[in-house]
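Colleague: I have some questions about the terms used for this model. Please set each value against its definition.

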Amino acid sequence: MSYVLQTNHLTKRIDGKELVNDVNIHVKKGEIYGFAGPNGAGKTTVMKMITNLWKPTEGTVELFGVPLENTSCEVFRRMGSIIEFPTFYEHMSGRDNLWLHCEYMGYYHRDGIPETLEMLGLAGAADQPVKKYSLGMKQRLGIARAVLCRPELVVLDEPTNGLDPAGLKQIRELFKMLSTEYGITFLISSHLLSEIESIADTVGIISHGKMVREVSMEEISEMNTAFIELSVENTQKAAYVLTEKLNLDRFKVLDDVRIRIYDATVTTQNISRELLLNGVEIVSITKHTGSLEDYFLKMTAEVEKSC
Amino acid sequence: MLKLIRLEWKKNNIGKYIRNAVILSALLCLFVFALTFLGIANDPDGTLDAAPGMDTVSSLIELFTGMAFLIFTSVMLSSFIVSAYQNKTMNLMFTYPVRRQKILISQMVSVWIFNFAALVLSKLAIYLCVFIGSGFMPSFFAVDFDMGSPSFYLQLILKSFVIVSMGFMALFVGMALKSSKAAIITSFLLIFLTQANVGDFTMSGNAVFPFVLTVISFGFAVLSICHVERRDLS
């Protein structure tokens, strides 16, 4: 399979200190790839190497199937990025900063500037100098700049920093829209796992400079079915039905009314149908799935143990 | 390259530097005018108090404009390049589809062109003022230039070329130490090196020295950009 972005055994050492080691990332075209990891795990280091700001000590970065070299620059015409925090020419207005960006990128579809400012809710402040912008407005302007030239790949390091809840929702929807309508591929790092969970198609987890796991959100959801909890009138009878009729043995009677089933293969529909057929009255039945946070904590805990 | 230079001027608010260069030139003109015709540097008895070899108008103009514009060039190079590293706008620049060396060269050339033009125009304006003034007032310094001679213009251009190019040495120090202040202090040290007298000896009187200085300056300019493609940005 060909990838828009791929890193092969990416390693970075500075003054003998290993910042990241053997990181392999595979980002498919059109997907939103969430890059998650605790503070200091090496997310920004990897992103700096992807954007060629830092040079790998070992390993390679491939963008659009072509290895990135020291002098590579043409490939950045197809990319947008924010690394660490967005920087601007503060004395210039937001509109002029975007104009300047278009000039350097060689992008001459100038209608895109007001459109993008409108999309990011900055039309009203477009002609104010950036030094008067709040942190959230600067973040929005940084995102506007990253997506303005309709790049094929957008690399965003903690793009939701400084945004209020309404802003978060708006940006989330914008990323999804750009991904589905324009086929833009996103690589987004965030320490907010709920954010990644809500937008990412694939998640890469990094901890202590090592890539722990790269997995699709679908797989996480399947793997993370934790248990089904039943509340019934008669637990004894229900336990009999689960054992004899549904051949289940991985369940636990918690008290007089509650039973927990730890079997990912059985569905809530099957359980409720069988219980009803056998005259067991159900008060409630709920499927509990683990969040990305649970999965993340489990994965990073494993790495910490091995370290 | 021309487009990159234009963009450098635009994003660094070149209008501000034009205004400052005009103010600086006006102040230099007033100062030279006062020294030449009002005798503000004279002894109380009215005789000229000047260092050996500094009793002509041209040496006076070259010294003060050279000093002022070497510092001005260093300040601009610091602002365009060293500060861009400090405030991380260089990180943004290096994510554009333009070679890093080309970006740095465009920044250096944009400052060089501006200051060369400003220095030449400033000197011309001051020489013209003194020339006009000398027709009406007695001069305390010897008026030793001929504005009708082509060699006057050739010398003026060559000396301006050397002075502005020296800014690259200051830039190298500023980039190496990642400090705008270091670049500006270096430009002051360069003034002492080139203009100071040790007994009767002064570098400024040596004919080979400007040539050597220009070669060294461009050597520093090359050193400032030669490893930039391979270097990590902080």
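Colleague: What makes S2-S1-S4-S5 of chain A an open sheet with edge strands?
Modeller: This is a predicted model, where local features need pLDDT of at least 70, side-chain atom pairs count only at pLDDT 80 or more, and totals for chains, interfaces and linings use all residues. Residues are numbered from 1 along each chain as its sequence is written, with chains lettered from A and ligands numbered from 1 in the order in which they are written. The sheet has 4 strands in that order, with antiparallel pairing. Strand S2 (17-27) and strand S5 (66-67) of chain A each pair on one side only, and these are the edge strands. Strands are DSSP runs of E, at least two residues; helices are runs of H or I, at least four; both are numbered from the N terminus.

Colleague: How do you know that S1(A) and S4(A) pair?
Modeller: Two strands pair if DSSP finds at least two bridges between them. Strand S1 (residues 5-14) and strand S4 (residues 58-63) of chain A are joined by 5 bridges, so they pair. They run antiparallel. Thr7(A) stands opposite Val61(A) in S4(A).

Colleague: What lies across S1, S2 and S4 of chain A?
Modeller: Helix H1 (residues 43-50) of chain A, at about 115° to S1(A).

Colleague: Why are H2(B) and H3(B) called roughly antiparallel?
Modeller: Helix H2 (residues 14-38) and helix H3 (residues 57-86) of chain B pack at about 155°, with axes 11 Å apart. Axes are lines fitted to C-alpha atoms, for helices over the stretch in contact, and angles run from 0 to 180 degrees between N-to-C directions. Angles over 145 degrees count as roughly antiparallel (under 35 is roughly parallel, 65 to 115 roughly perpendicular, the rest oblique). H2(B) and H3(B) are therefore roughly antiparallel.

Colleague: Which residues meet there, and of what class?
Modeller: Among them, Leu24(B), Leu28(B) and Phe31(B) in H2(B) and Ile61(B), Phe64(B) and Phe72(B) in H3(B). The contact of H2(B) with H3(B) has 14 nonpolar, 2 polar and no charged residues. Nonpolar means Ala, Val, Leu, Ile, Met, Phe, Trp, Tyr, Cys and Pro; charged means Asp, Glu, Lys and Arg; the others, Gly among them, are polar.

Colleague: What makes two residues count as in contact between the chains?
Modeller: Their C-beta atoms, placed from the backbone, lie within 7 Å. By that rule, 18 residues of chain B are in contact with 21 residues of chain A. The largest share of the chain B side, 3 residues, comes from H4(B). That side has 7 nonpolar, 5 polar and 6 charged residues.
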